[in-house]
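Could you walk me through this structure, stop by stop? I have it open in my viewer and would like to know what to select next and what is there.

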Amino acid sequence: IITDLMDKLRCIFGQGLSNSFYPVPQQAIGVGSAFEGWSPRAEDVVYHVLVPLSPPRGHAFHLELGTAGMPHRNFRVRVELLCTCTTEQLRENMLCFLHHPEEELRRKQDPSLLHTLCTGSYLDVEKTVHWFHRFVRLAWLLLPQSCHWHLRLQPSVRSCKFQLSKDKESFTAEMIFGVRHGDSDIFVGSQPAEAYFVPSTTWLETTAVAEAKFFRHVSRQAPHDSWHCKCLQFLSRILKGVGFSSYTLKTVVMHLLNTVPMTQWRRWDFPRRLVDILMYLRCSVETKQLHHFVIGNERLPLEISLPSDLRVAEPPNLFQHMVTNPYAHIKAMHEY
């Protein structure tokens with residue numbers, strides 16, 4: 001349902017806003033536990049999708065590395081106007097933002113992206129999300145799903161959250177928006193950062209697409225009766241609220257999936273793999289070190305594309321806070 005809804009929204013965008021100069025949504029990519037096959041609790045599932053944004057005609061996006069001091073690398077998306085004084089101008093009847101008089105541009109053409117969703121020269125997350133909220137609200141009335149489902153948009157500054165309900169059935173989805181890093185599977189996204197104030201022109205680097213792609217790669221290699229997702233689902237549900245996040249457990253399982261043969265993840269291997277996961281977690285807590293799975297991983301499947309600097313980078317330590325805070329380490333050992 002979510003995938004079909006995203007495709008139809010993109011189609012309406014192409015039909016209704018093709019002559020405007022807003023960012024162009026590309027095919028949405030399902031990310032996170034719901035699309036990877038291991039959601040801890042069915043009743044709490046949120047379907048996360050990343051919507052890649054491409055620059056409109058006459059514009060280009062450039063990623064600029066932001067300031068240090070945040071748990072994720074952050075970027076700003078600089079918007080550049082391009083000269084369109086070519087055959088494209090004649091073919092599409094488009095005026096050049098750089099070389100036509102401002103008065104003529106105001107009379108004959110929609111404003112550039114710099115004058116709608118940017119702050120200064122940079123694409124603004126909050127303005128983009130607010131614009132897409134309004135677009136979804138209007139486009140929903142044109143969709144066949146609106147005859148059977150009720151849409152309720154939820155307040156969110158850096159993402160587009162909504163709930164669909166019909167009779168006793170309902171589910172929640174969250175769209176984040178991203179700009180692709182070159183032609184790789186790494187994006188800078190609009191996702192919120194917990195406990196941190198993030199400026200509206202800051203986009204956070206995310207490996208969610210690369211991780212979802214890894215799970216699809218594993219599923220193709222795995223026997224039909226593989227229980228690797230059930231291992232992660234089981235432990236995520238049991239340990240919910242204990243202190244280790246689902247992402248920590250997911251990282252441990254991804255590391256093991258990259259080393260333990262897929263033939264050893266069947267149903268009868270379930271107890272042994274659970275022990276492996278917990279022992280890996282214990283060792284990571286004791287050494288205060290759990291490497292990020294994607295960044296700097298030389299064993300990553302080649303079909304997952306990384307920017308060259310990330311493929312050879314030093315893997316971030318997800319347990320770095322235990323190194324700098326002795327109390328955090330003691331607390332983690334106690335929780336384990």
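**Stop 1: the cavity**

Begin with helix H1, which contributes 4 residues to the lining of the largest cavity, the most of any element. Keep in mind as you look around that this is a predicted model. The whole structure has 1 cavity of 30 Å³ or more, and the volume of the largest cavity is about 80 Å³. To see its wall, select Met-6, Leu-9, Arg-10, Phe-13, Pro-25, Gln-26, Gln-27, Ala-28, Val-51, Phe-132, Phe-135 and Met-175. H1 and H5 are the elements that give two or more residues to this lining. Try colouring the wall by residue type: you should find 9 nonpolar residues, 2 polar and 1 charged.

**Stop 2: a salt bridge on H1**

Stay on helix H1 and show the side chains of Lys-8 and Asp-4, which form a salt bridge with 2.8 Å from N to O. Side chains of opposite charge can pair when their charged atoms come close. Lys-8 and Asp-4 are 4 residues apart in helix H1, so about one helical turn separates them. Are these two buried or exposed? Lys-8 is partly exposed, at 28% relative accessibility, and Asp-4 is also partly exposed, with a relative accessible area of 35%.

**Stop 3: the largest nonpolar core**

Now hide the surface and turn to the inside. In soluble globular proteins, nonpolar side chains tend to be buried together. Here, the largest nonpolar core has 39 residues. Select Leu-123, Val-136, Phe-162, Met-175 and Phe-177, the residues with the most contacts inside this core. Which elements supply at least two residues each? They are helix H1 (2-16), strand E3 (46-54), strand E5 (74-81), helix H5 (125-139), strand E8 (150-154), strand E9 (160-166) and strand E10 (169-180). H5 gives the most, with 7 residues.

For a detailed view, centre on Phe-162. Leaving out residues up to four places away in sequence, Phe-162 touches Ile-2, Leu-5, Met-6, Leu-151, Arg-152, Leu-153, Gln-154, Phe-171, Thr-172, Ala-173 and Met-175. Met-175 is worth keeping highlighted: this residue is among those with the most contacts inside the core, and Met-175 also lines the largest cavity you visited at the start.

Apart from this core lies another one, of 38 residues. Select Ala-210, Phe-214, Met-262 and Met-322 to see some of its members.

**Stop 4: more salt bridges**

The structure holds 17 salt bridges, and two further pairs are next on the tour.

- Arg-78 and Glu-64: their closest N and O atoms are 2.6 Å apart. The pair links distant parts of the chain, with Arg-78 in strand E5 and Glu-64 in strand E4 (residues 59-65), 14 residues apart. Arg-78 is partly exposed at 27% relative accessibility, and Glu-64 is partly exposed at 25%.
- Arg-272 and Asp-269: here the closest N and O atoms are 2.3 Å apart. Arg-272 is partly exposed, with a relative accessible area of 49%, whereas Asp-269 is buried, at 3% relative accessibility.

Then select Glu-102, Glu-103, Arg-106 and Arg-107, which are joined into one network by salt bridges that share partners.

**Stop 5: the second largest pocket**

Keep Glu-102 and Arg-106 selected, since both are among the residues lining the second largest pocket. Add the others: Leu-81, Phe-97, Leu-105, Gln-109, Asp-110, Pro-111, Ser-112 and His-115. The volume of this pocket is about 210 Å³. Helix H4 (residues 102-108) provides the largest share of the lining, 3 residues. By type, the lining divides into 4 nonpolar, 3 polar and 3 charged residues.

**Stop 6: two loop residues**

Finish with the backbone. Which angle should you check at Asp-167? Look at phi: Asp-167 has a positive value of about 55° although it is not a glycine. You will find Asp-167 in the loop between E9 and E10, where this residue is exposed, with a relative accessible area of 80%.

Lys-288 also has a positive phi, near 55°, and is likewise a residue other than glycine. Look for Lys-288 in the loop between helix H9 (270-287) and helix H10 (308-311). Lys-288 is partly exposed, with a relative accessible area of 28%.

Methods
Residues numbered from 1 in each chain as written. Predicted model: local features only at pLDDT ≥ 70, side-chain atom pairs only at ≥ 80, totals over all residues. Heavy atoms only, no water. Core = buried A, V, L, I, M, F, W, Y, C linked by side-chain atoms within 4.5 Å. Buried < 20%, exposed > 50% of the residue type's maximum accessible area, 1.4 Å probe, protein only. Contact = heavy atoms within 4.5 Å. Salt bridge = Lys/Arg side-chain N within 4 Å of Asp/Glu carboxyl O. 1 Å grid on protein atoms, 1.4 Å probe; cavity = no way out; pocket = protein on both sides within 12 Å on 5 of 7 lines; lining within 4 Å. Points joined across faces, edges and corners; volume = space filled by probe spheres on them. Nonpolar A, V, L, I, M, F, W, Y, C, P; charged D, E, K, R; others polar.
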